[in-house]
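I wanted to look up the cysteines, one lysine and one helix, and to write down what I found as I went along.

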Amino acid sequence: GINAEYGQYGIDYSYWYEIEKAKLHPDIQTKFKIHHYDKDTEEFVQDACNVSYFKHIFDNAASIFLLPFVSNTSRNAILNRGIMFVASSELFKEMLDGCPRMDSVLDIGAGDGNVTRRFADSFANVYATETSPPMRNRLQARGYNVMEIDNWHERAYDAITCLNVLDRCHEPYKLLQDMYNSVKTNGGTVIIALVLPYHGSVEGGQSWAPQKEPLKIKGYSYEQQLSSFILDILEPMGFELNLATKVPYLCTGDIQARYYSLSDSLVSLNVKPELASESIM
């Protein structure tokens, strides 16, 4: 579950990245790399710890005032709080296999673009989708091309990122299929982040609801669920694993905690066009 963090300096954060690698399926063990607490992650944690307590008090009061009018995501955009961190620029470059600057990337469910910016420089054109109007405004302010959620898949991209969205939408299988069909087959890359253990829910106004078609991930431990996600869901749909790792999914905090963390899986994939994608629902 989500962990409240209190920002003590000098902590050994290696536990964020460690897994029992032997418990992964043998086909995944060779492609799993244990990452480390890097510079970008450290800077994010330090910035979160340095936010004034008075700002948290103001944000809390303003959020209560906005509660009847907009969703939690939109409130975060308006107040510039709840900023997310998934991975460093260094790690994203590795996930992209060190490829040279490519033409286009699409970030699905990009939020305010704070995560997008860590890989945007690798591409000439950055596209993004987002349902929250205030978040869309923030993406446009960064110079990103904001696509509509019902037509982004009408063109092809050199890379597609889908970071912690599959467990926050009603139709994750359809989203995976659309990504498969929209990434270029000549070296195109798909990067997916998914919180494990898996728990799907969808934001709707002021409340959350269970997913209509949750991913059928097997197992209970992080290692079991990561293996199932890759072997039971991604590979049958035509994706091929390049690299997998575990990272903390971080969010700046509030009055109660300096920041929050979840255990995230991050996978880099290619498409295998020779495989016919069949429904696994």
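These entries take the cysteines to begin with, then the lysine, then the helix.

Entry on cysteines. I was working with a predicted model, and I looked for disulfides in it, for which the count comes to 0. I then turned to cysteine 162, which is in no disulfide, and I noted that the nearest cysteine sulfur belongs to cysteine 169 and lies 6.9 Å away, whereas a disulfide would need the two sulfur atoms within 2.5 Å. I also looked up accessibility, and cysteine 162 is buried at a relative accessible area of 0%, while cysteine 251 has 17% relative accessibility and also counts as buried.

Entry on lysine 272. I found lysine 272 in the segment after strand 11, which covers 259-271. Is lysine 272 buried or exposed? Its relative accessible area is 17%, and because buried means under 20%, I entered lysine 272 as buried. Leaving aside residues up to four places away in sequence, I listed Tyr180, Glu235, Gly238, Phe239 and Glu240 as the residues that lysine 272 touches. I also noted that the C-alpha atoms of lysine 272 and threonine 185 are separated by 7.5 Å, although these residues are 87 residues apart along the chain.

Entry on helix 2. I looked up which residues of helix 2, residues 39-49, are buried, and wrote down Asp40, Thr41, Phe44, Val45, Ala48 and Cys49. Residues three or four places apart in an α-helix point the same way, because there are 3.6 residues a turn. What covers the buried residues of helix 2 includes strand 2 (84-85), helix 5 (89-95), helix 6 (117-120), strand 10 (239-252) and strand 11.

How values were computed:
Residues are numbered from 1 along each chain as its sequence is written. This is a predicted model: local features need pLDDT of at least 70, side-chain atom pairs count only at pLDDT 80 or more; totals for chains, interfaces and linings use all residues. Side-chain values use heavy atoms; hydrogens and water are left out. Buried means under 20% relative accessible area, exposed over 50%, partly exposed in between (1.4 Å probe, protein chains only). Helices (H or I, at least four residues) and strands (E, at least two) are DSSP runs, numbered from the N terminus. Contact means heavy atoms within 4.5 Å.
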